[in-house]
Amino acid sequence: MNNRSGGIVSTVLFAAMCLAAAGSPVQAAEKANLILVNGKVVTVDDRFSVAQGVAIRGQRVVAVGRNGDVLEWQGSGTRIIDLKKRTVIPGLIDNHAHFIRAPEHDEMRLDGVTSRKRVLAMLIESVRGARPGDWIVTLGGWSEDQFSDDPRGFSREELDRIAPENPVVLQAVYSRSYLNTAALKAAGIDANTLDPRGGRIEKDPGGIPTGVVSGAGGVAFVAARIPLPVDQEHWIENVRRFVAGLNAVGITAWYDAGGRGVSEKHYEAYQALADRGELNARAFWTTIRQPATLEQVDKVVVEIQHHTPFQGSDYFDNIGWGESVYAPATTNLLRNDFVVRPEDMRQVRRIAYAVAEGGMFLNAHVEMDNAIDAYLEEYEAINKVEPIKGLHWAFSHLDQVSDAQLERMKRLGMVAGLHGRPLIQGAEMHKVHGERAWDMPPFRRVQASGIVWGLGSDATAVAPANPFYTLWFAVTGRMIGGRKVNRQTVSREDALIAYTRSNARFVFQESNLGSIQPGRYADLLVLDRDYLRVPSDQIKDIKPLMTLVGGKIVYEAK
Ligand SMILES: [Zn+2]
């Protein structure tokens, strides 16, 4: 005890001596490691102020302001970067992604590729770099509608010609997978294979699989047959490469919703990289269970009672419970026939009540108007017994949310997560929902309501991961390939706030992330063009020249 208080006293004395000796406003020991000057720093602080420079010490921002202000932090070891008028924005935070699952395979991604011809050229390139037998896969993130030269899928014969010895699976959204003969063989799919639940193995008149497997169940059936990495180091390398790809498009943090097929192994690969201090983006995730029966709910409720979130770091942490609450009470964006059943909502209430009782965060996947009402009714009932205001509960997607529902969410202290899924699904959504699809999701309505709302992708299967595509979609209402599908567009400033400062709240990092301000982590992007001035159609083409996470340069354009 004595030693401890003595230690504090001498530290205080030492600090006082340093202060007395100091001539300059900034202590030598407190100089910046890195200063960015001569730029247009869009801070996304509460006033949306724009500065010229940023000074960074260690992991955090120490000063933002005019060139002269930030240069006061210059010491002999400080690196100075002249931004040459380039624009800087906070690192982008995706409020809904499945990036923990994604690196299970090193995919050939088709995000944003608008030419079918180009896809074939990419496939030829991939085959050239592969050994015979290596799988070449793309598990979503694109749709046939995005090809402006030839909007259709791929035939088995066509894929066989390019890849006779490599299994190829090209999965469009969650709707269809295109397989070549080698993939059908390796996956054990032949004339005798029965259709999986919720899916169809298309066959020719002779009963031979054509290579097209359709439906969400069919897509999942194929994906489950692609072998996972056997060796943990291989998996960790996939994570490293995947995160480098996120850094290159400007993502520095995200909320991870888990997803189909996600297992302990997926989390372990990330945890291993975080433990080594080599995870170059921040992942905040919720535990996902997808109970579908009463017995499974019983188990999940006990699990929730023993769950302890927030035991990790600011790079990798569990923040609560979520996404799919109860499988039978889950909507699907590409269907409009969801029926609310009281017995299912009773199970939703049991799970949500357990989460409220534990004082934890809950995110629920809710898309359609009737489902939003049904969930709100349960939450309002729970709130009377176990208040949830203050727990930041979130609804994900909210494609059909109304003004009245937004008011009810605000009263419960909830936040709204909206996503750019029409980027590749917009045309399909118009077929399913007709006129209504123009307002799905209703960005402008949500913005006008005053609720805290954030923007995210829902990548990697049902949307592409590039956040500049999602920003572009929220501003223009256009899908990849150019077709206009949404009329609820917002300003680029509001879209940027939704992708940064507001999303920091989703992941309980509002004092650390989301804006460029003293005291916050130095997570930021230097852009190749001005997000605020570039013609709106070019927002999707913006690329980071440099990405910093926690003051460390994790990406630099070549
Ligand atoms: Zn969801």
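Donors are N, O and S atoms within 2.8 Å of the metal. By that cut-off, the zinc ion in this predicted model has the protein donors Glu 323, His 365 and His 397. Their spacing in sequence is E-x41-H-x31-H. Two further topics follow: helix H13, and the two largest pockets.

**Zinc site**

- The donor atoms are OE of Glu 323, ND1 of His 365 and NE2 of His 397.
- These donors lie 1.7 to 2.2 Å from the zinc ion.
- Glu 323 sits in strand E16 (residues 316–323) and His 397 in strand E18 (residues 394–397), so the pair ties together parts that are 74 residues apart in sequence.
- Glu 323 and His 397 are both buried.

**Helix H13**

- Helix H13 covers residues 422–433, which makes 12 residues.
- The end C-alpha atoms of H13 are only 12 Å apart. A straight helix would reach 16 Å at 1.5 Å a residue, and H13 falls short of that.
- H13 is largely enclosed by the rest of the structure, because 9 of its 12 residues are buried.
- The buried residues of H13 are Pro 422, Leu 423, Ile 424, Gln 425, Gly 426, Ala 427, Met 429, His 430 and His 433.
- Strand E19 (415–419) and helix H15 (467–476) are among the elements that cover these buried residues.
- Gly 434 follows H13 and has a positive phi, near 60°.

**Largest pocket**

- The largest pocket holds about 1,500 Å³ of space.
- Its lining counts 47 residues; nearest the centre lie Tyr 174, Ala 216, Thr 330, Thr 331 and Asn 332.
- Helix H6 (216–223) and H13 are the elements that give two or more residues to this lining.
- H13 therefore has two roles here: it is largely enclosed, with 9 of 12 residues buried, and it contributes to the lining of the largest pocket.
- By class, the lining of the largest pocket has 18 nonpolar, 16 polar and 13 charged residues.

**Second largest pocket**

- The second largest pocket holds about 850 Å³ of space.
- It is lined by 33 residues, and Arg 109, Asp 111, Gly 245, Val 249 and Asn 466 lie nearest its centre.
- Helix H7 (232–249) and H15 are the elements that give two or more residues to this lining.
- H7 gives the most, with 7 residues.
- H15 also appears among the elements covering the buried residues of H13.
- The lining of the second largest pocket divides into 16 nonpolar, 9 polar and 8 charged residues.

Methods
Residues are numbered from 1 along each chain as its sequence is written. This is a predicted model: local features need pLDDT of at least 70, side-chain atom pairs count only at pLDDT 80 or more; totals for chains, interfaces and linings use all residues. Side-chain values use heavy atoms; hydrogens and water are left out. Helices (H or I, at least four residues) and strands (E, at least two) are DSSP runs, numbered from the N terminus. The expected span of a helix is 1.5 Å times one less than its number of residues. Buried means under 20% relative accessible area, exposed over 50%, partly exposed in between (1.4 Å probe, protein chains only). Contact means heavy atoms within 4.5 Å. Donors are N, O and S atoms within 2.8 Å of the metal (3.2 Å for Na, K and Ca); water is not among the atoms, so sites may look incomplete. On a 1 Å grid over the protein atoms alone, a cavity is a set of points where a 1.4 Å probe fits but cannot get out, and a pocket is an open set with protein on both sides within 12 Å along at least five of seven lines; lining residues have an atom within 4 Å of a point. Grid points are joined across faces, edges and corners, and a volume is the space filled by probe spheres set on the points. Ala, Val, Leu, Ile, Met, Phe, Trp, Tyr, Cys and Pro count as nonpolar, Asp, Glu, Lys and Arg as charged, and the others, Gly among them, as polar.
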